[in-house]
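Colleague: I'd like to learn how to read a model like this one. Could you walk me through it, feature by feature?

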Amino acid sequence: MDAELLDHQEPHKPGTAARLNWLRAGVLGANDGIVSTAGIVIGVAGATSQTAPIVTAGVAGLAAGAMSMAVGEYVSVSSQRDSERALLSKERRELRETPEQELAELAGLYAAKGLTREVAQSVAEQLTAVDALAAHAEVELGINPDELAHPGHAAWASFLSFVVGALLPLLAISLLPVSVRVALTVFAVALALMLTGLLSARLGQSPWRRPVLRNVLGGALAMAVTYAIGTVVGHAV
Ligand SMILES: [Zn+2]
């Protein structure tokens, strides 16, 4: 029953996979913002009980992290798009210059997927008549020419999701009473990491217990290590 249920939840509509990728990237960005900002504010809280340096470090970490994520995403998605464009224009040129070989190549690729020679030939001919470039791009390159990645969108999505994630530990440590703020920030971060772990497991349609546990333990480890480092450095300087 489970297999059948999963099968029916598979993304079939065009664009669903792309949308899922965005959601996944958003959840990962938020997760990054939560863990790195929690590490910073808790690390500084290990060194000092003054609120100003803790909040200053947290805000600087939020800004630096969000921009670094956005730039990194922009650069990586841009180069991915550049290489996709280069591959598509090479394919376009081959289709223009050697259409016969390209048709034979397409039929060969469908035959390699398990279709009989005749069916592969007929599929290749029909798809070539509809949109030759799209057919070659899909089978040879795994690219949909109408759905190339947008570096600007990716950069903004990373930036915003990182900020949203980072605000949680930052607000927790700034607004809570001094005596309990470290403990309650750790608790709030653990809850938030449960949520992002759960979301990413749901988006991947995988079982959730292990991913949630890994996510919470990873974040807890990061906070424990930075708190220890903050305490040691705070005493040393
Ligand atoms: Zn081709």
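**Reading the model step by step**

Modeller: Let's start with one residue: Ala228 is partly exposed, with a relative accessible area of 38%. Keep in mind that this is a predicted model.

Colleague: How should I read that percentage, and where does Ala228 sit?

Modeller: Under 20% we call a residue buried and over 50% exposed, so anything in between is partly exposed. Ala228, at 38%, falls in that middle band. Its place is in helix 8. From Ala228 to Glu147 the C-alpha distance is 46 Å, with the two positions 81 residues apart in sequence numbering.

Colleague: Let's zoom out, then. How many helices and strands are there in the protein?

Modeller: You'll find 8 helices and 0 strands. Reading from the N terminus, the order is α-α-α-α-α-α-α-α. The radius of gyration is 25 Å, well over the 18 Å that the globule rule gives for 237 residues, so the protein is more spread out than a compact globule. Along the principal axes, the C-alpha trace spans about 75 × 45 × 25 Å.

Colleague: What share of the residues is buried?

Modeller: Buried residues come to 32% of the 237. As for the surface, the protein exposes about 14100 Å², and 65% of that is supplied by carbon and sulfur atoms.

Colleague: And how many charged side chains are there of each sign?

Modeller: There are 16 positive and 21 negative ones. The centres of those two sets lie 11 Å apart.

Colleague: Now for the metal. Which residues are the protein donors of the zinc ion?

Modeller: With a metal, ask which atoms reach it and where they come from in the chain. Here the donors are Glu91 (OE), Glu102 (OE), Glu105 (OE), His136 (ND1) and Glu140 (OE), at 1.9 to 2.4 Å from the zinc ion. Their spacing along the chain reads E-x10-E-x2-E-x30-H-x3-E.

Colleague: How do I read the short gap between Glu102 and Glu105?

Modeller: Check the element they belong to. Both lie in helix 4 (residues 99-112), and being 3 residues apart puts them about one turn of the helix from each other. Glu102 is buried, at a relative accessible area of 5%, whereas Glu105 counts as partly exposed at 30%.

Colleague: Is His136 buried or exposed?

Modeller: His136 is buried, with a relative accessible area of 1%. You'll see it in helix 5 (residues 117-141). Leaving aside neighbours within four places in sequence, His136 is in contact with Glu91, Leu95, Glu102, Glu105, Leu106 and Leu141. Glu91, Glu102 and Glu105 in that group are also donors of the zinc ion.

Colleague: What do contacts tell me about residues far apart in sequence?

Modeller: They show which parts of the chain meet. Among contacts between residues at least 6 apart in sequence, 71% join residues at least 24 apart. Take Thr37, found in helix 2 (residues 16-47). Thr37 is buried, with a relative accessible area of 0%. Beyond its neighbours within four places in sequence, Thr37 is in contact with Gly58, Phe162, Ala166, Pro169 and Leu170. Its C-alpha atom is 9.6 Å from that of Val163, although the two are 126 residues apart along the chain.

Colleague: Which residues does Val55 touch?

Modeller: Not counting residues up to four places away in sequence, Val55 touches Leu170 and Ser174. Leu170 is also one of the contacts of Thr37. Val55 lies in helix 3 (residues 51-97), and it is partly exposed, at 24%. Now compare sequence and space: Val55 and Arg92 are 37 residues apart along the chain, yet their C-alpha atoms are separated by 54 Å.

Colleague: Where is Thr231 found, and what is it in contact with?

Modeller: Thr231 is found in helix 8. Apart from neighbours within four places in sequence, Thr231 is in contact with Gly46 and Ala47. It is partly exposed, with a relative accessible area of 25%. From Thr231 to Thr37 the C-alpha separation is 17 Å, across 194 residues of chain.

Colleague: Last one: how do I read a phi angle?

Modeller: Most residues other than glycine have a negative phi. Gln205 has a positive value, near 55°, and is not a glycine. Gln205 lies in the loop between helix 7 (181-203) and helix 8 (209-236), and at 35% relative accessibility it counts as partly exposed.

Technical notes
Residues numbered from 1 in each chain as written. Predicted model: local features only at pLDDT ≥ 70, side-chain atom pairs only at ≥ 80, totals over all residues. Heavy atoms only, no water. Helix = DSSP H or I, 4+ residues; strand = E, 2+ residues; numbered from the N terminus. Rg over C-alpha atoms; globule rule 2.2 N^0.38 Å. Buried < 20%, exposed > 50% of the residue type's maximum accessible area, 1.4 Å probe, protein only. Contact = heavy atoms within 4.5 Å. Areas by Shrake-Rupley, 256 points an atom, 1.4 Å probe, with all protein chains shown as cover. Lys, Arg positive; Asp, Glu negative; His and termini not counted. Charge placed at Lys NZ, Arg CZ, Asp CG, Glu CD. Donors = N, O, S within 2.8 Å, 3.2 Å for Na, K, Ca; no water.
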